[in-house]
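Student: I should like to work through a protein structure by question and answer. May we begin once it is displayed?

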Amino acid sequence: MEKQVDILIVGAGISGLGTAAHLTKNCPQRNFEIIERRESFGGTWDLFKYPGIRSDSDMSTFGFNFKPWQKSNVLADGASIKGYLSEVVDEFKLKQKIHFKHRVLSANYDSSLSKWVVQIEDENQKQQTWIANFVLGCTGYYNYDQGFQPDFPNQDAFKGQLIHPQHWPDNLDYAGKKVVIIGSGATAITLVPAMAKGGAGHVTMLQRSPTYIASIPSVDFVYDKMRKILPEDLAYKLTRARNIGMQRGIYALAQKQPKLLRKLLLKSIEMQLKGKVDMKHFTPSYNPWDQRLCVVPDGDLFKILRSGKASVETDQIEKFTETGIQLKSGKHLEADIIVSATGLEIQILGGIKATIDGKPLNTSKHMLYQGVMVSDVPNMAMIIGYINASWTLKVDIAADYICRLINYMDKKGYDVVIPQGDATELLEDTVMGSLSSGYIARAVDVMPKQGKHAPWKVTNNYLADRKELKHATFEDGVLQFHKHASDASRKPKLVS
């Protein structure tokens, strides 16, 4: 079976749905289809089911710019975010555009056709060939099949349950049980209070090294008050602008005055622990924002640690035992359930085998033009969100830029756009910047690389990017445009 599509969006998560909504609004002359390998939309917010799953970005900036999140909760749980995305799907009539249980196996750009030839496996495991003008990679940057799972020494000896949060069992009964959570990132610090409140006998967070954690209010009282005296739209815009400014300010402070920010963060934690927990468990050896800063609502993690229902250990694993974990310090942690919150397995383009005229595309050898398009690759864009702000902020401005680019190409009659790479610009750092987190260090062989200067330098600065992408000219000598096909084939009719 062969199917002609105009714009192929791979992934129906936040990036794919946001991009689809922007295309619907800004490029009504273009058709698009969305491929989604799962049976529902939502990406991360459909996949993860562990207790307490929530955003770690404030919702005024996590919501799309075209659909304000008009609730006063600062962070939202997974079900609320999935509900919000379902409203986007309904409002923009996207359901009919999404092909669920379809998996992209490979994509080859055929220069003789000036099109992408995409091999897709449908829900019946039958292969289809789709021919697309443009491919937009909206798959995020981790492997949905598996998380990062270290091979722990003597792991098979453990008689209890070993769980990775990415594959949380339905109806897991942990009432009264001893739980050890390995990890200290966003997932671990969410799970600890959630499982302790959910009836676990005792929860221990086992970390190799501490993480910076900031406590933020769960309800935005200022936004609540503004809504009572100002029009809803204005109150939302002011709140969103304030939160974007605060995110940017904290990150900038971490770059310019790391010692000051460290002092402020540690003092805040010390006040919340109230002497009940040793500060060594919350005093990282690195500077703030060398790794991602984690947030907890209303200090829930610190409250549960103070109560004694949960505890934290900073140590290394010597081996698993039948009844728990033996630590290198000599201590033994008893466990009925061990949760390995050890992070993500990095993957680009959802693991698609991409080629250009049959030659493999190694994304780690390429840069991103304007943080959106892959160098030397025709008619392809990729959306990777921010490391230091809400993912959705990048989705909005990247999708808007893609729409402007497509409209420019239509106006000029162009079929193909290629950002011409410059080998002298290539750096060793990936587009994730200088973060030293384990999952980023593991991504060196797959992530696109940084460039030294614009338009190849990915700044992770939303305010600068918003201005740059909004006013970017397409006639800059880097973007190469071509007219290869007739108008009839440039805008093919969709064939069912």
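Student: Are tyrosine 251 and tryptophan 289 buried or exposed?
Tutor: Please keep in mind that this is a predicted model. A residue counts as buried under 20% relative accessible area and as exposed over 50%. For both tyrosine 251 and tryptophan 289 the result is buried.

Student: How many aromatic pairs are there?
Tutor: Rings of Phe, Tyr and Trp pair if their centres lie within 6.5 Å. By this rule the count comes to 19 aromatic pairs.

Student: What kind of pair do the rings of tryptophan 45 and phenylalanine 62 form?
Tutor: A pair of aromatic rings is described by the distance of the centres and the angle of the planes. For tryptophan 45 and phenylalanine 62 the centres are 5.9 Å apart and the planes stand at 85°. Planes over 60 degrees apart count as edge-to-face. The pair is therefore edge-to-face.

Student: How many residues apart in sequence are the parts that tryptophan 45 and phenylalanine 62 tie together?
Tutor: Tryptophan 45 belongs to helix H2 (residues 44–47), and phenylalanine 62 belongs to helix H3 (residues 59–62). Tryptophan 45 is buried at a relative accessible area of 12%, and phenylalanine 62 is buried at 8%. Because the two rings lie in these two helices, their pair ties together parts that are 17 residues apart in sequence.

Student: What kind of pair do tyrosine 251 and tryptophan 289 form?
Tutor: Their ring centres are 5.4 Å apart, and their planes stand at 75°. Since the cut-off is over 60 degrees, the pair is edge-to-face.

Student: Where do tyrosine 251 and tryptophan 289 lie, and how many residues apart in sequence are the parts they tie together?
Tutor: Tyrosine 251 lies in helix H7, and tryptophan 289 lies in the loop between H8 and strand E12 (294–297). The pair therefore ties together parts whose separation in sequence is 38 residues.

Student: Which residues of H8 are buried, and why do they line one face of the helix?
Tutor: Helix H8 covers residues 258–273 and reaches 22 Å from its first C-alpha to its last, close to the 22 Å expected. Its buried residues are Leu261, Leu265, Leu266, Ile269, Gln272 and Leu273. Seen down the axis of H8, these buried residues line one face because they fall within an arc of 125°.

Student: Which exposed residues does the face of H8 turned away from its buried side carry?
Tutor: The buried side of H8 has a cover that includes strand E11 (213–216), helix H7 (232–256) and helix H9 (300–307). On the face turned away from that side, the exposed residues are Lys259, Lys263 and Met271.

Student: Which residues does asparagine 243 touch?
Tutor: Asparagine 243 is found in helix H7. This residue is buried, with a relative accessible area of 10%. Not counting residues up to four places away in sequence, asparagine 243 touches Asp58, Ser60, Thr61 and Asp220.

Student: How many of the residues of H5 are buried?
Tutor: Helix H5 spans residues 186–197 and has 12 residues. Its buried residues include Ile189, Leu191, Val192 and Met195. H5 is mostly covered, and the number buried is 9 of its 12 residues.

Student: At about what angle to E10 does H5 run?
Tutor: H5 lies across strand E9 (178–182), E10, E13 and strand E17 (337–340). With respect to E10, H5 runs at about 165°.

Student: Which strands stand at the edges of the sheet that has the order E8-E17-E9-E10-E13?
Tutor: This open sheet is formed by 5 strands with parallel pairing. An edge strand has a single partner strand, so one side of it is left without a neighbour in the sheet. The strands at the edges are E8 (161–163) and E13 (310–314).

Student: Which residue in E13 is the bridge partner of threonine 204?
Tutor: Strand E10 (residues 202–207) runs parallel to E13, and 5 bridges join them. In E13, the bridge partner of threonine 204 is serine 311.

Student: Which residue in E16 does glutamine 326 stand opposite?
Tutor: In another open sheet, 3 strands have the order E14-E15-E16 with antiparallel pairing. Strand E15 (residues 324–327) pairs with E16 over 3 bridges. Opposite glutamine 326, in E16, stands histidine 332.

Methods
Residues are numbered from 1 along each chain as its sequence is written. This is a predicted model: local features need pLDDT of at least 70, side-chain atom pairs count only at pLDDT 80 or more; totals for chains, interfaces and linings use all residues. Side-chain values use heavy atoms; hydrogens and water are left out. Two strands pair if DSSP finds at least two bridges between them. Helices (H or I, at least four residues) and strands (E, at least two) are DSSP runs, numbered from the N terminus. The expected span of a helix is 1.5 Å times one less than its number of residues. Buried means under 20% relative accessible area, exposed over 50%, partly exposed in between (1.4 Å probe, protein chains only). The arc is that of the directions from the helix axis to the C-beta atoms. Contact means heavy atoms within 4.5 Å. Rings of Phe, Tyr and Trp (its six-membered ring) pair if their centres lie within 6.5 Å; planes under 30 degrees apart count as stacked, over 60 as edge-to-face and the rest as tilted. Axes are lines fitted to C-alpha atoms, for helices over the stretch in contact, and angles run from 0 to 180 degrees between N-to-C directions.
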